[in-house]
Structure formats: structure tokens, C-alpha cells
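Me: Please help me study this protein by means of questions and answers. The sequence and the structure come first.

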Amino acid sequence: MFRYRVIGLGLLAGASLLPCIALAQTTAPSADPAVSPPPKASATADGKQVYTPEDFARFAPKTAYDMLVQVPGFTIKSADQERGLGQASENVLINGERVADKQGGAVVQLQKVAAGNVTRIEIVSASTLGIAGLVGQVANVVLSDATKSGGQFEWRPDFRAHYSVPNRYRGSVSYTGKTGKLDYTLSVEDQAGRGAIGGPVLLYAPNGALLERRDEVFHSESDTMYVKAKLGFQGPGSAKGHLTLSYSPYWGPVYDIEHITRADGNDSTRLRKQQLNGWFYDINADYEFAIGPGRLKLIGLRHFDHEPIVSTQVEDFANGSPSEGTRFGRNSHIAETIGRGEYRWKTGKNDWQVSLERAVNSLDQRGSLATLQPDGEFTPIPFPDGSGKVQEIRYEGLVTLSRPLGAKLSLQVAGGAEVSTLERLDGNLPARRFFRPKGSVTLGWQPDKDWDLSLKVRRRVGQISFYDFLSQPNLKENRPNTGNADLVPPQSWEFEGEIGRNLGAAGKTRLRGYYHRIEDIVDIIPIGVDGQGVGNLPNATRMGLESTSTIQLGPLGLKGMKIDATLGIERTRVRDPLTGEMRPISNTMDRWADITLRHDIPHSNLAWGGEATLNHYGFYYYLTEVNREWEGPWYISAFIEHKDVFGLTVRAQVTNITNARHFYDRYVYDGRRNTSPLLYHQVNNQLVGPMFMFTVRGSF
């Protein structure tokens, strides 16, 4: 009953949009933020660019996040899934502090902060902050001390024209309040996703003859429910702390059916189903207080995930032959426990920080394989490589110094190391122990109010997936992926530079370039006599350019209109373990683009616009095949938005209006590809179809 009430409320709000649109086109509001100047920062003596809530009035923001995404020329970089908490990677702070968690960081928190609680947004150079890991521009969202109680809600259903189950219940509701020295945010969110494709899959012989045609329909549904409570408290004295508790059940069924027509007449129907019903919880706590000449911050984190998954594939033959089938099961428990301490103090112009961290990560997987028997039952087969427990215990220490080198030049230096023990707890292999130096040097320069430049050199230790230590067969592609107990995290020297230019009333533009030299790059390698799986290759390089711009079209007479554009290219090189030739790193996104047009129509509460996105990937280089999967070439969307439907923001959007399709190009060999002939070439060109999205957002 509740779900139908929610849908009814959404339809009522949508219906109310029509008369409001007509009213908006005949009656101008008393104040017209749509024709106000675009967000324009005021510069401070220390080089900060400061935006106030009034700068974002034309967008009618409901949350702090709504303001942040409209900062000209600024691109939000969400937190990487780094080893432990380590150095910061998210370029967003709240009240000058990093949000050190693994639940979305500051970006997720700002989506639950009412716009009325924002005092200002500061854009600052990372090198001035004393927070190791950041580079380029960083947004510091300053919130009011006098938190206003209130709530936010959002309902975002979407529907696909083909194959998919409607996504009716995606949305969130949160409430923030304060009592005495305790502030709190309670929230419930359904992060739901739908995927679907359908159409032909063609398999060709090396001579070009058609071997097989598969008519496929695939759809998947994912729902993750987040129930979260965040508490903040003050005292005693200047001490402060936070506690976040979160519980998340999730579901992820998959349905994939193929009707197969073969040249030899042995036609069949293949059905693959996957069940995933799991849950996880997160506990995050921090407490900061003054001690000695500085402040000490203690951070604790606990994450636990139960992920049971069962994938079953059965093929039925038209000629009456016995059906064939395989079932793969994986019951996994993933855990992470982190304890971290940070001590900060100041001596003259120097800002110092010392951090120590201990992290324990583990995966306990119980895998199973079974084959279909003529009587229709599945019989288990030995699968020892699919079960095991992997654990890493890691200690990290870093010292960070930040200081100005002049009125327009700043420096940050971070240095330290990590010591780790990595092992299979249930095997007979000895534990492996590693010592890895790490750190960074960052320079920031702002020669005048319109230019800024940053340079960074970093020694980084990358992340690995513990799942790659154990066998994970791919039923759909009939490809065994052998576990690799010798896998190690990659290490890299990373060189990055970023330059920004303020174009005045015309907007802002930024250009970032990077070059990485990687040791122990993670890719596909030979394992054993004829196996293959995820492993390490000795060396690789990665280089690229990315441009981010906001272009205001008001100076051209198009008041209220702007273009946001991000364009990027990347080139990677690694030596192939079979051929010895240089090639790209597997599955590299080698070019991308995201271009958005938004027009806030003067003398109305209406806005409209569109978006064009491109994400192009290179080939995945397995030992027995090479494949590339992508969708496009471009995804084009259009939207219309009303910013005041009885106080609500209502938006309708259609995506993929130019019929981008799903492509899969796959070359499969009769053995290892350097010594064996081509077996077949698979070509997918499948329908995705348009997607329709509806959003209702408001405050209470």
C-alpha cells in the first residue's frame, strides 16, 4: 500500500507541473534569479575563491550538493577505494576537514545538508591545506554553526522502453536536527539500478562464414537500501566527534536468455540466472581534541559484507539431447577494520601532521561448482580453488608538512611508508611481508587572480581485489579465471600537473595532465601450464590529458545558459606476457567526454538542457581471447525542469534519444592466442533503447 501512495504522490506532483508551466510563462516572479549573473567567486587575500548561497540562486538548490555541482569549472572527484583510509583523494571538504569514511565521503553527506545551512563554498589550492594526497583545486563547504532542523526527500523512478523491469522506488529521505550539543542526520535511501539489452549475437568462422546466431534478452535489477544514522557532538571544551551507523541489505538478480541457431542444425536455448541477496554494515567514529600544541584526531572504521551469489546456466537442445548446465556458488564474507590517529600542530608558517594507521582486510569465500545431470539435478564437482580466506594486515605512517613559500606559492611534502603482511590463512603458502615507501610533493602557484597552477609528484601503492586470489569462473563466456595466490598491489610514480584560467564573465577552464610509471601492474597473466587469471606484469605507463570547462553564454546574449564540458584522452602501454609486444593495459578507458547544456529561462522557474556522454574502452587481453565491450558511440539526453511546483523541484528526462547501442567485439582462439588459430569472432550489436527518468525533490 505504501508504494502505491508514493507513486500516487509522484503522479500528482507531475500533473501539477502543467498548469504551473503555463503560469510561469505568463507571470514573472518578483525576483528573477534566472537572469542574475552566474556564480562568480570573490577572491580573498590568501588566494581562496569564495561563493555564497546567493551565487546559486538561479538553480534553486535544495541541498549543499546542488550548490557544489554548479561551481564553475570545478569537477568533483569522489574518494578512491584506497588501501585503508590513507591519504585523501576526495577533493571536497566540510568545514575544512576531510570526511574519512568509505560510505561516499563528503559528497554523500552534502546531499543530506539543506541549502539553508551553507554559509559559503571556498575553492582553495590543495597544497595550502595540510591534507596529504590532494592535488589541484579543492572545495571546502562551510556550514552554519546554527544548524536548521529539516528534511530532504527525492523520488527518482526510471523506465526503459525495452526488456527491463521499471525502477519505481529509487529515492531517499533524510532529516537533520540538533538538540543541545548533539546534531544528527537520519536517512533512508534506495540506490536502485536497472540494466537491459536485447538483440543478435553473431559468431563467425575465421573464413567469415556464420557459425551461430544468438537472439539474446538480458536484464538485471539491483537495489541497495541504506539505513543510516549520523551523530555529531561537541565537547568537552573544543573537542568534537562523530558516529555513523549504517545497515544495507541488497539484491541483484540477473536474467539472460539466448535462443541459438547454429549452422550445423544443433539449435538450443540457453538460460542464465543469477541470485544475489546480501547485506553489509558500516560503523564509523572519530573524536578530535586539543592536546599539547596541536589537536589529535582518532578514527575507527568497521565494515562487514555478506555476499552470497548463485549463478546457474542451463542449455536445452531442440533435438532432444540431454540438457547441459553448470551452477557456480560463492558465499563470501568481506571485512575491513581500521584504526587511525592524526596529530596536527603549527610552528610559525609550517602546518604539520603525523598519521599512524592499522588496517586489517579479509575475504572468506566458500565456492562451489556443480554440473547438471540427465535427471535434472545438479551434482557437485571438486572445486578446491574456489574456497579460501585471504587476509592483509597493514601499518602505515606518514608525516606531512605544508607551508607557504611566498605570497603566491605554497608547498606540501608528505613522506612515510607502509608495512604489510599478505597471506592465505587456509593454505600452506608462507605469509608474504612487504615494506613500501610512499609520499608526495605538491606545489601550488597562483600568479594572479585569474591563473593557478599545481604540480604533484607521488609515490603510491595501489589496491587489489582479494577475489582474484581465488578462482572465479565466468559461465556466460565459458572462461575459467584461475586464482592467483602470488598477486601483489601495484606501485607507481605519478606525475601530475593542473592549470586553471578564470575567463571572467565567460566562465572558467582547467587542464590536467598526468604520467604514471607503474610497477607490478594488474592485468591478465599465464598461471600454471594452461591457466589464466589476474596477476602482475613488471612495468607499465599511463599518460593522459583532461580538460574541464564551464562556459557562460550570457555575454553572447543567451542569459541563463551555460555549457559544462569535460574531455579526456589516455594512452597506456604494457608488454604482453604472451607475444612480448607492447600493447595497452587491459580495459583502459582511452577517451571520454561529458558535455552538458543548461538554460535557466529568464522570467520563469523553468530550466531545460541536455547532455552528451562518451566513454570509449580498449580491449581486454586474455590469454585465449581478446574482447572489447562498450555502449554508444554517444549517449544523448534531454531534460526539462520546474524549480517551484508547490515548493518542489520536478524534472523529466529522456536518455539515449539517438539510439546508442551495446557493442561487444570478441576474438576467441583455440588455445593461447600467440600459438593457436582463431576459433571464432563474436559480434554483438544490440538494442538498449530510450530511458525515461522522473525526479521530484523537496524539503520539509
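The questions below concern domains, a pocket, the backbone and one strand residue of a predicted model.

Me: How much area is buried between domain 1 and domain 2?
Reply: Domain 1 covers residues 33–146, and domain 2 is made of 490–673 + 681–699. Their contact takes 18 residues from domain 1 and 23 residues from domain 2. Carbon and sulfur atoms give 48% of the buried area, which amounts to about 1,800 Å².

Me: How far apart do the C-alpha centres of domain 1 and domain 2 lie?
Reply: The two centres belong to domain 1 (33–146) and domain 2 (490–673 + 681–699). The distance between these C-alpha centres is 23 Å.

Me: Which side chain meets Asp-66 in a salt bridge?
Reply: A salt bridge requires a side-chain nitrogen of Lys or Arg within 4 Å of a carboxyl oxygen of Asp or Glu. For Asp-66, the N to O distance is 2.4 Å, and the partner is Arg-697.

Me: How many residues in the lining of the second largest pocket are polar?
Reply: The second largest pocket holds about 1,000 Å³ of space. Its lining has 40 residues, and the closest to its centre are Ile-94, Gln-109, Asp-183, Lys-230 and His-242. Elements that each supply at least two lining residues include α4 (105–110), β9 (182–204) and β10 (210–234). By class, the lining has 12 nonpolar residues and 12 charged residues, while the number of polar residues is 16.

Me: Which residue is joined to Pro-236 by a cis peptide bond?
Reply: Most peptide bonds are trans. Pro-236 lies in the loop between β10 and β11. With omega at about 0°, the cis bond joins Pro-236 to Gly-235.

Me: What is omega for the cis peptide bond from Gly-632 to Pro-633?
Reply: Pro-633 is placed in the loop between β30 (625–632) and β31 (635–645). The bond that leads to Pro-633 from Gly-632 is cis, and its omega is near 15°.

Me: Is the phi of Asp-520 positive or negative?
Reply: Most residues other than glycine have a negative phi. Asp-520 belongs to strand β23, residues 507–527. The phi of Asp-520 is near 55°, and its sign is therefore positive.

Me: How far apart in space are Leu-296 and Arg-344, C-alpha to C-alpha?
Reply: Leu-296 is part of strand β14. Not counting residues up to four places away in sequence, Leu-296 touches several residues, among them Phe-289, Glu-342 and Tyr-343. Although Leu-296 and Arg-344 are 48 residues apart in sequence, their C-alpha to C-alpha distance is 6.6 Å.

How values were computed:
Residues numbered from 1 in each chain as written. Predicted model: local features only at pLDDT ≥ 70, side-chain atom pairs only at ≥ 80, totals over all residues. Heavy atoms only, no water. 1 Å grid on protein atoms, 1.4 Å probe; cavity = no way out; pocket = protein on both sides within 12 Å on 5 of 7 lines; lining within 4 Å. Points joined across faces, edges and corners; volume = space filled by probe spheres on them. Helix = DSSP H or I, 4+ residues; strand = E, 2+ residues; numbered from the N terminus. Nonpolar A, V, L, I, M, F, W, Y, C, P; charged D, E, K, R; others polar. Domains from an automatic or database assignment. Contact = heavy atoms within 4.5 Å. Buried area = accessible area lost by both parts, 1.4 Å probe.
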